Number of protein chains: 2
Amino acid sequence: MSSGHPHASGSVVAFCGGIGGAKLALGLTHVVPADKLTIVVNTGDDFRHFGLHVSPDVDTVLYTLSGRANPETGWGRAGESWRFMETVGDLGGETWFALGDTDLALHAVRTARLDKDDTLTAITRDLAAAMGIEAAVLPATDHRLATVVETDAGVLPFQRYFVERKCAPVVRAIRFDGADTALPGERVQAALTAPDLSAIVICPSNPYLSIDPILAIPGMRGLIEAAAAPVVAVSPLVGGTAVKGPLAKIMGELDRSLTHASVLDHYDGLVGTLLVDRMDAPGTADRRMRIAPTLMTSLADRIALARCVLEAAAEASQ
Amino acid sequence: MSSGHPHASGSVVAFCGGIGGAKLALGLTHVVPADKLTIVVNTGDDFRHFGLHVSPDVDTVLYTLSGRANPETGWGRAGESWRFMETVGDLGGETWFALGDTDLALHAVRTARLDKDDTLTAITRDLAAAMGIEAAVLPATDHRLATVVETDAGVLPFQRYFVERKCAPVVRAIRFDGADTALPGERVQAALTAPDLSAIVICPSNPYLSIDPILAIPGMRGLIEAAAAPVVAVSPLVGGTAVKGPLAKIMGELDRSLTHASVLDHYDGLVGTLLVDRMDAPGTADRRMRIAPTLMTSLADRIALARCVLEAAAEASQ
C-alpha cells in the first residue's frame, strides 16, 4: 500500500473474540467500507446449553455491531428480560449461564438451522443481515472446535471454567478439541486471499482464549503468513495488566511476563506491528511496537483506534 | 372392589393427552389420594423445536395439575410473556409454534437432562415435584414415539399437521413412528400391575391422536387387559360432535360415524364402561354406556366427572 490515507485502501480482515475485540471491530465498521471488512470470530467458546447452540463471541460481535449490546455487561442484549432464567431456577435447572429472553432467540434460530445442517457461516450471515449488519461476520470455522482448559481443578470445558467457575481455577494448559480436523471457513479463506487485502488485524482479545483457537485451525496461520498484507495486532495489555477478563491471571499461571514483548512472543513471528497504549510508551523497546490509544471507552475511542490500526498497516506496507 | 365409596378405594391409572384429558386428570387429583394416582401421558406429540425437546401433552398436564395453565388457550402457562418469540420473528426464525418465555424454561431444563441421558420419566418426576404436583405424572414411554399424520398434503409430523397447518389437511391415516420398538415406562408397568389397582381411566382425549399413541406401545394393551381393574373411558364426543380440537373432522375423514358407539368400537373391547354426556342419553343403546356430565367447564365439573368415573369403576367391579 502506498496510500497514506487509511480509508478505502483495500479490504481488511480482523480476528477477534468477544467483548474487547468486538469494540475494535465496531470501530473498524466506521472506517472501512462494509463490503471491504471481514470480522473473523472465535468459535472455541461455542457450546450447547439446554440443547441450544450458543456462540458467545459471535453473539457479542453481532450485538455490538448492530447496536444491541448491553453496555453494562459487555455481553448479551440491551433491555434484556430474564423470565426464562428465573423459571429455569424455579424448576431446578442450571442457572450459572445467564440467557436472557431475547438473547435466547438468537441461539434458538441458530440451533434450528444447524440441526438442518446449515453451516454456522450461512446462519451467521443471515442473522447479521436480519440485524442490519453490513460487514461480513464470519465464524472462524464451521467445524467443531472447543476450547478446553486444563486446571488445578481438573479439565474444564471453556464455559465451565470461564462463567461457572469465574476463572478461579489455576490454568495449567489450554487446548482446542477438534482443532486438528477443523478447517478455516471458506469465506475466511477467500477474505485472506483477496487480491486487495490491505490489513490483517488482531483485535485486543485474549491471545490465549480468543485468538489462539482461531490460529489453531489447520491452515489459518499459513493463510495469514501467505497474505501480502501486514498483520497489525493491538495489545490487550494496558499499563502492565489486562484491561478486562482473566488474561493477566492466566499469563501469570502460564509463567508469561505481563509485557507487550510477551504478547509479541506469543504471536510468534506472525505480527508485524503491535499497537501498545500510550501509557506504556517507556517500555516499548521492540521496533515492531507502535504507540496508540488502545483503551477504548467511548465509540470515538473505538473509531480512533481503528484509524490507528489502518495507519499502522499502511505504514508497514510502504 | 366392593366399596360403594369411590374415594381411597385403591389406586387409579388414567391415560390422557393434553387439554381435555388434563381437565379430568385435575378432577381426579381432587378425589384420589396423590399416592394412589398415576397419570399416563401421551408422548406422540413430542418433538424437537429449536433444539429443545417439547412434550406438549406432558407440559399441559404439569401446568394444569399445578395451577399454572393458561385458562384462555388451554396450553402454555398463565401470565406468559412473548419476548423470545417476538425476537425469533425479528431474526427471521420460525414462529408457527408459540413458545412463551417461561414455558421455554420447562423445555430447556428437560432438554439439558435428556442430553445427559436422563429418562423423560425421571425428568418429569422432578419437574412435577418442583411444581408441587404430588400425583405421579408419567410419560407413556421413555422411548421415541412420534405421531405422524398421512394427509392429502403429504406425510406430516404431528406438530406440523396440528399447529402449523391447523389440522386443515385431510387425514388418510395416522401412524406412530418408533412405536414398534417402544416399551411402556417402568413406572407405568408398575402402576398397571399394582395389586390395589381399582380403576383404569381413559380420559376424554382424542382417541386417534392422544390415546392411540399410548396404546400403540407394545405391551401396553396387554397390561390393561391383564389388569383386574375395570376400564372406564369418557367419550370425547358431546351432542354428536367433539368438544374441542380436530376429532370430529378426523373421524369424518377416516369414515367413522360421530357416535359413542364408534368410540367404543375404536377402543376395540378394551373399555368396559364408556361415560357419555347427559345430552346424548337418547342415543345410548349400548349397555356399556353410562350417563355422566362429561362437559367440563368449571373445576367443580372436573371433580364431579372424576367422581362419576370412580363410581362407574366401583360398580363395574361389583
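# A tour of two chains

Start in chain B of this predicted model. Select helix α1 (residues 19-31) of chain B together with helix α2 (residues 56-65) of chain B: they pack at an angle of about 40°, and their axes are 9 Å apart. That angle makes α1(B) oblique to α2(B). Turn the view and you can follow the crossing, which is right-handed where α1(B) passes α2(B). To see what touches, show side chains for I19(B), A22(B), A25(B), L26(B) and T29(B) on α1(B), then T60(B), V61(B), T64(B) and L65(B) on α2(B). Colour them by class and this contact between α1(B) and α2(B) shows six nonpolar residues, three polar ones and no charged ones.

Now hop over to chain A and pick helix α2 (residues 56-65) there. Is this helix buried or exposed? Of its 10 residues, 10 are buried, so α2 of chain A is largely enclosed by the rest of the structure. The buried set takes in P56(A), D57(A), V58(A), D59(A) and T60(A), and continues with V61(A), L62(A), Y63(A), T64(A) and L65(A). Next, click on G67(A), which follows α2(A) and has a positive phi, near 75°.

Zoom out until both chains are in view. How many residues of chain A are in contact with chain B? There are 27 of them, in contact with 27 residues of chain B. On the chain A side, the elements giving two or more residues are β4 (52-54), α3 (83-90), α4 (103-114) and α5 (120-130). Highlight α4(A) among these, since the largest share of that side, seven residues, comes from it. Sorted by class, the side of chain A that touches chain B holds 13 nonpolar, eight polar and six charged residues.

Stay at the interface and select α3(A) with helix α4 (residues 103-114) of chain B. The two helices pack at an angle of about 55°, and 8 Å separates their axes. α3(A) and α4(B) are therefore oblique to each other, and their crossing is right-handed. For the residues that meet, display F84(A), T87(A) and V88(A) from α3(A) against L104(B), A105(B), A108(B) and V109(B) from α4(B). In this contact of α3(A) with α4(B), six residues are nonpolar, one is polar and none is charged.

With both chains still on screen, try a superposition. A turn of 180° with a shift of 0.0 Å along the axis lays chain A on chain B with an RMSD of 0.0 Å. The two copies are thus related as by a two-fold rotation axis. Which residue of chain A comes closest to that axis? Select G51(A): its C-alpha lies 2.7 Å from the rotation axis. As for the surface used, 100% of the interface residues of chain A are also interface residues in chain B, so the copies meet through the same surface.

Two last stops are in chain B. First select G154(B), found in strand β7 (residues 154-157). G154(B) is exposed, with 10 other C-beta atoms within 10 Å. Draw a distance from its C-alpha to that of I19(B), which you met on the opening helix: the pair are 135 residues apart along the chain and separated by 27 Å.

Then move to D265(B), in helix α11 (residues 260-267) of chain B. D265(B) counts as partly exposed, with 13 C-beta neighbours inside 10 Å. Finish with a line from D265(B) to A312(B): C-alpha to C-alpha they are 19 Å apart, with their positions 47 residues apart in sequence.

Technical notes. Residues are numbered from 1 along each chain as its sequence is written. Chains are lettered from A and ligands numbered from 1 in the order in which they are written. This is a predicted model: local features need pLDDT of at least 70, side-chain atom pairs count only at pLDDT 80 or more; totals for chains, interfaces and linings use all residues. Two residues are in contact if their C-beta atoms, placed from the backbone, lie within 7 Å. Helices (H or I, at least four residues) and strands (E, at least two) are DSSP runs, numbered from the N terminus. Ala, Val, Leu, Ile, Met, Phe, Trp, Tyr, Cys and Pro count as nonpolar, Asp, Glu, Lys and Arg as charged, and the others, Gly among them, as polar. Axes are lines fitted to C-alpha atoms, for helices over the stretch in contact, and angles run from 0 to 180 degrees between N-to-C directions. Angles under 35 degrees count as roughly parallel, over 145 as roughly antiparallel, 65 to 115 as roughly perpendicular and the rest as oblique. A crossing is left-handed if the near helix is turned anticlockwise from the far one by less than a right angle, and right-handed if clockwise. Copies are superposed by least squares on the C-alpha atoms of residues with pLDDT of at least 70 in both. A residue is buried if 20 or more other C-beta atoms lie within 10 Å of its own, exposed if 12 or fewer, and partly exposed in between; C-beta atoms are placed from the backbone.
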